[in-house]
Amino acid sequence: MNQETSKRIVVIGAGIVGASLAYHLASKGAQVTVVEAGGIASGVTGTSFAWLNASCAGMDPIAALRGGAIAAWRRLETQVPGLAVRWHGALSYGTQDGRVSPSCMVIDRSRIAQLEPQLRQPPEQALYEPEQGALDAVAATHALLAAARALGATVRTHTPVLGFAVQDGKVRGVETAAGVIDADVIVLAAGTATAALAKQLGASLPIHASPAIFLRYQAPPGVVRGIISSHAMEVRQDEDGAMLAAEDYVDDAPENQPAAMAQRTASAIRSELEGAEAITPEFACIGLRPMPVDGVPIIGYLPQVEGAYVCAMHPGVVLAGIVGQLASGEIVDGQPASALEACRPARFQA
């Protein structure tokens with residue numbers, strides 16, 4: 001596609017979903033501008049546990065999409081300099097959440113102890129999902145945007161969107177303090193801010209901000225080898241020793257504030273793992289995940305106005321790779337992706 005005919009696309013949001021979109025769109029020859037109200041990965045991406053987990057409990061309307069998620073990240077690892085995933089597998093036990101994936105296997109206590117030798121009391125059995133992994137979501141976002149820039153994309157941080165230029169029912173550009181950025185297509189990938197942006201275009205998208213607590217500890221390296229998801233903790237560890245944990249946010253009671261949760265989770269980790277006695281809380285915060293009301297991602301063109309495409313979803317880190325791949329095909333090549341059929345914004349039309 002030459003520059004004369006290439007589409008001008010503005011992606012709003014520089015989290016991991018926006019970064020994947022920017023990279024995939026630029027790869028297809030589009031003229032891409034990313035605009036971000038804050039800094040790169042300054043929203044929920046920076047507070048993500050970033051477990052690449054394609055399993056699901058019960059009926060899954062996005063099974064086809066989820067099924068391509070791991071392969072998409074494996075492909076991106078080979079394409080994007082500096083993008084690294086740790087494919088160390090995941091152990092789950094005692095959570096009763098019913099999530100399974102096609103590759104999961106039941107393993108016994110001796111195998112569990114081999115995989116996670118620091119567990120003080122390995123359970124009798126656990127689900128093991130060897131194909132799963134984790135990444136540093138902030139580093140991955142920077143890597144994807146750097147790769148997009150190398151393909152000609154522009155990234156404008158600290159550039160809030162003030163409005164949209166719309167003419168004859170079609171979006172023509174994005175209004176910022178520095179002027180209008182002309183666009184043939186705009187992509188709303190701004191996490192929990194997506195609903196407010198869509199509202200300016202006459203679309204009502206039921207997306208609520210779902211809180212989760214993200215915790216980081218200083219710890220000796222090698223205490224946790226993969227991902228452990230149990231009744232007591234959801235934890236993983238980086239190569240440098242940084243230990244990451246995630247907790248559901250319950251309510252506004254003082255004992256559920258991030259600092260209190262960090263201490264409580266640390267106690268649980270120390271009681272479950274040998275060598276974790278010296279862990280110290282380093283960082284605790286609440287991340288707000290964009291959660292569509294029906295739990296299904298919202299991906300596709302808004303019916304209310306021409307040229308406006310939405311990408312709002314949880315889990316964003318898991319799906320960012322495959323969604324960037326499929327959405328860029330829809331936007332640049334005009335090829336509808338069947339795996340996105342359940343995700344269309346039009347389902348919220350009265």
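No disulfides turn up when the whole structure is searched. The model is a predicted one, and the cysteines make a good place to start reading it. A disulfide requires two cysteine sulfur atoms within 2.5 Å. For cysteine 343, the closest cysteine sulfur belongs to cysteine 311 and lies 9.3 Å away, so the two are too far apart for a bond. Cysteine 343 is also buried, because its relative accessibility of 0% falls under the 20% limit for that class. Cysteine 104, in contrast, has a relative accessibility of 22% and is therefore classed as partly exposed.

Attention can now turn to the packing of two helices. Helix H3 spans residues 69–79 and helix H8 spans residues 316–333; their axes approach to within 8 Å and cross at roughly 75 degrees. H3 is therefore roughly perpendicular to H8, because crossing angles of 65 to 115 degrees are given that description. On the H3 side, the contact is built from Ala69, Ala72, Trp73, Arg75 and Leu76. H8 contributes Val317, Val318, Leu319, Ala320, Gly321, Ile322 and Gln325. Sorted by class, the residues where H3 meets H8 are nine nonpolar, two polar and one charged.

A residue from another helix also touches members of this group. Histidine 24 belongs to helix H1, which covers residues 16–27. Leaving aside residues up to four places away in sequence, histidine 24 touches Arg75, Leu76, Gly321, Gly324, Gln325 and Ser328. Of these, Arg75 and Leu76 are among the H3 residues that contact H8, while Gly321 and Gln325 are among their partners in H8. Histidine 24 has a relative accessible area of 6%, so it counts as buried. Its side chain also has a polar atom 2.8 Å from the backbone oxygen of serine 20.

Just ahead of H8 comes a notable peptide bond. The link from histidine 314 to proline 315 is cis, with omega near 5 degrees. Proline 315 sits in the loop that runs between strand E20 (308–312) and H8.

The loop between strands E2 and E3 offers two neighbouring residues to look at. Alanine 41 is located in this loop and has a positive phi of about 55 degrees, although it is not a glycine. With a relative accessibility of 8%, alanine 41 is buried. Serine 42 is found in the loop too, between strand E2 (31–35) and strand E3 (51–52). Unlike alanine 41, which is buried, serine 42 is partly exposed, at 48% relative accessible area. The side chain of serine 42 reaches back to the backbone oxygen of glycine 39 at 2.7 Å. Serine 42 and cysteine 311 are 269 residues apart along the chain, and their C-alpha atoms are separated by 17 Å.

A positive phi appears elsewhere as well. Aspartate 168, a residue other than glycine, has a phi near 55 degrees. Its place is in the loop between strand E10 (163–167) and strand E11 (170–176). Here the setting is open: aspartate 168 is exposed, with a relative accessible area of 71%, whereas alanine 41 is buried.

Strand E3, at the end of the loop holding serine 42, includes tryptophan 51. Tryptophan 51 is buried, at 8% relative accessibility. Its C-alpha atom is 29 Å from that of isoleucine 186, and the two residues are 135 positions apart along the chain.

Another buried residue is glutamine 132, which has a relative accessible area of 0%. Glutamine 132 lies in the loop between strand E7 (125–129) and strand E8 (133–135). Its side chain is joined to that of asparagine 53 by a polar contact of 3.2 Å. This loop residue is thus described both by its burial and by its side-chain partner.

Finally, alanine 278 gives an example of an exposed loop residue. It is placed between helix H7 (258–272) and strand E18 (280–292). Its relative accessibility is 56%, so alanine 278 counts as exposed, the limit for that class being over 50%. Alanine 278 and tyrosine 217 are separated by 61 residues in sequence and, from C-alpha to C-alpha, by 9.8 Å in space.

Note on methods:
Residues are numbered from 1 along each chain as its sequence is written. This is a predicted model: local features need pLDDT of at least 70, side-chain atom pairs count only at pLDDT 80 or more; totals for chains, interfaces and linings use all residues. Side-chain values use heavy atoms; hydrogens and water are left out. Buried means under 20% relative accessible area, exposed over 50%, partly exposed in between (1.4 Å probe, protein chains only). Helices (H or I, at least four residues) and strands (E, at least two) are DSSP runs, numbered from the N terminus. A polar contact is a pair of N or O atoms within 3.5 Å; within protein, one must be able to donate a hydrogen and the other to accept it, and residues adjacent in sequence count only if both atoms are side-chain atoms. Axes are lines fitted to C-alpha atoms, for helices over the stretch in contact, and angles run from 0 to 180 degrees between N-to-C directions. Angles under 35 degrees count as roughly parallel, over 145 as roughly antiparallel, 65 to 115 as roughly perpendicular and the rest as oblique. Contact means heavy atoms within 4.5 Å. Ala, Val, Leu, Ile, Met, Phe, Trp, Tyr, Cys and Pro count as nonpolar, Asp, Glu, Lys and Arg as charged, and the others, Gly among them, as polar.
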